[in-house]
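Reader: Please show me the structure. Then I will ask how its labels are earned.

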Amino acid sequence: MPELLSKFSLLGGRLAIDFANLPSLAASGSSNGLSWEELIGFLHATRIVSSERGEELLALTESDPQSAFELLGRAERLRDSLRVSFDALAKKQRIRREAVEPINEILRVTEGHDELVESARSWRIEYIARESSLDWLLAAVARSAAELVTEGEATRVRLCANPACTLFFYDNSRTHRRRWCSMSLCGNRHKVAAFARRHAARKRSA
Ligand SMILES: [Zn+2]
């Protein structure tokens with residue numbers, strides 16, 4: 001039985017942002033390509049599919065490699081489109097029509113509706129697709145992306161302030177001044193570097 005990847009750093013604050021940040025550092029290596037295991041692991045980690053469905057999907061590379069290959073291709077195109085769109089959004093630049101086309105492609109083929117679903121002690125909105133094609137797996141991501149794109153200049157989509165980091169996040173902080181994808185990944189590293197610089201400067205001037 002194939003096993004579902006479970007270590008995802010979902011720090012984006014929005015489904016589409018976490019998807020844009022794939023492949024997750026926590027889940028896999030350094031390659032920029034998206035693997036089937038990672039895609040399905042992400043869909044499971046974000047509760048788009050159940051464990052059962054996730055395991056079925058993992059086996060698809062054996063039972064129906066063509067469908068798996070096609071979905072993975074679409075997922076990668078969507079991911080790249082989100083990166084370009086969010087990059088423009090974070091920099092308050094215009095988002096080009098071509099950039100959002102892959103989002104529209106998914107929206108077009110995945111008609112469906114939202115439904116309230118009870119989970120533990122709270123309610124959440126779950127997307128119910130009308131068709132059963134594999135594309136519906138990306139529908140919730142595309143929907144989340146579309147909502148972010150319409151935020152325009154007022155958006156709180158941000159790119160991490162560490163120039164070596166390429167992660168996006170949604171600034172939900174009260175002051176709207178969050179700078180880092182996460183304190184542990186980039187924030188602390190920056191603080192340590194700043195401290196070392198100040199310390200070195202003090203030493204020189206002493
Ligand atoms: Zn970062």
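Author: The turns below take up surface, pocket and cavity.

Author: This is a predicted model, where local features need pLDDT of at least 70, side-chain atom pairs count only at pLDDT 80 or more, and totals for chains, interfaces and linings use all residues. Residues are numbered from 1 along each chain as its sequence is written, and side-chain values use heavy atoms, without hydrogens and water.

Reader: Why is Ile125 called exposed?

Author: Exposed means over 50% relative accessible area, with a 1.4 Å probe and protein chains only. Ile125 has 59%, so Ile125 is exposed.

Reader: Which residues make the nonpolar surface patch?

Author: Leu116, Trp123 and Ile125 make the patch, of about 390 Å². Patch residues have over 30% relative accessible area and no salt bridge (a side-chain nitrogen of Lys or Arg within 4 Å of a carboxyl oxygen of Asp or Glu). Nonpolar side chains are joined within 5 Å, like charges within 9 Å.

Reader: What makes a pocket a pocket, and what is the volume of the largest pocket?

Author: On a 1 Å grid over the protein atoms alone, a pocket is an open set with protein on both sides within 12 Å along at least five of seven lines; a cavity is a set where a 1.4 Å probe fits but cannot get out. Lining residues have an atom within 4 Å of a point. The largest pocket has a volume of about 680 Å³. Its lining has 21 residues, with Ile125 among those nearest the centre. H7 gives the most, five residues.

Reader: How many cavities of 30 Å³ or more does the search find?

Author: One. The largest cavity has a volume of about 70 Å³. Twelve residues line that cavity, including Ser9 and Asp18.

Terms used. Accessible areas come from the Shrake-Rupley method with a 1.4 Å probe; for residues, only the protein chains shown count as cover. Buried means under 20% relative accessible area, exposed over 50%, partly exposed in between (1.4 Å probe, protein chains only). Grid points are joined across faces, edges and corners, and a volume is the space filled by probe spheres set on the points. Helices (H or I, at least four residues) and strands (E, at least two) are DSSP runs, numbered from the N terminus.
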